[in-house]
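Let's take a friendly walk through a protein model together. Keep the structure in view and turn it as you read.

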Amino acid sequence: MFDYATLQKTASKLITNFGANAVITRTGGATFNPATGSYSGGSTTTINAKAVRAQFTQSEKASQAVQESDIKLLAEAGQGIPLIDDNLLFDSVDYKVIAVKEISPSGVDVYYELQLRA
């Protein structure tokens with residue numbers, strides 16, 4: 001049986017060496033007040049990870065899901081799982097997470113492939 005935990009460590013090492021800081025912020029449990037048009041309460045979770053910019057394939061670019069300004073990031077596993085609609089700060093730009101693909105053979109998260117939109 002293949003040791004995917006070792007593969008995850010290798011992926012994290014490569015992303016750490018060649019990547020940059022990524023700060024993922026998630027707000028949960030907030031309630032919307034229609035009278036004021038704002039959210040209140042809830043809690044904020046922050047995940048600090050390393051990520052590296054990647055390129056979309058030609059078939060991904062041809063799909064309706066990827067817009068011209070979208071970027072693709074590979075984020076290290078083990079710090080927390082990014083979710084759709086999280087905010088992600090990378091290279092001083094605040095992005096919204098549009099899609100998350102967990103690269104997870106045999107249930108071991110190796111890294112996360114993220115589609116981001118400014």
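Start with Asp85, which sits in the loop between S5 and S6. Names such as S5 refer to strands, which are DSSP runs (E, at least two residues), numbered from the N terminus. Before going further, note that this is a predicted model, in which local features need pLDDT of at least 70, side-chain atom pairs count only at pLDDT 80 or more, and totals for chains, interfaces and linings use all residues. Residues are numbered from 1 along each chain as its sequence is written, and side-chain values use heavy atoms, with hydrogens and water left out.

Is Asp85 buried or exposed? Its relative accessibility is 53%, so Asp85 counts as exposed; the scale calls a residue buried under 20% relative accessible area, exposed over 50%, and partly exposed in between (1.4 Å probe, protein chains only). The phi angle of Asp85 is near 80°, a positive value in a residue other than glycine. Most residues other than glycine have a negative phi. Asp91 also has a positive phi, near 55°. You will find Asp91 in the loop between S6 and S7, where it is partly exposed, with a relative accessible area of 46%.

Now look at the strands on either side of that loop. S6 and S7 run antiparallel and are joined by four bridges, and Leu89 stands opposite Asp94 in S7. Two strands are said to pair if DSSP finds at least two bridges between them. Strands of a sheet pair through backbone hydrogen bonds, either parallel or antiparallel.

Follow the pairing onward. S7 pairs with S8 in the antiparallel sense over seven bridges, with Lys96 opposite Arg117 in S8. S8 is in turn joined to S5 by six bridges, again antiparallel, and here Glu76 faces Tyr111 in S8. What do these pairings belong to? They are part of a closed barrel of six strands that runs S1-S4-S5-S8-S7-S6, with antiparallel pairing. From one strand to the next, the twist averages 45° (axes are lines fitted to C-alpha atoms, and angles run from 0 to 180 degrees between N-to-C directions).

S8 deserves a second look: six of its seven residues are buried, so S8 is largely enclosed by the rest of the structure. The largest nonpolar core has 15 residues, and those with the most contacts inside it are Ala51, Leu73, Leu88, Phe90, Leu114 and Leu116. Such a core is a set of buried Ala, Val, Leu, Ile, Met, Phe, Trp, Tyr and Cys residues joined through side-chain atoms within 4.5 Å. Among the elements that give two or more residues to this core are strand S5 (71-76) and strand S8 (111-117). Pick out Leu73: leaving aside residues up to four places away in sequence, its contacts include Ala51, Leu88, Phe90, Leu114 and Leu116. Contact means heavy atoms within 4.5 Å.

Finally, visit Ser43 in strand S4. At 45% relative accessibility, Ser43 counts as partly exposed. Not counting residues up to four places away in sequence, Ser43 touches Arg26, Thr27 and Gly28. Ser43 and Ala30 are 13 residues apart in sequence, and their C-alpha atoms are 7.2 Å apart in space.
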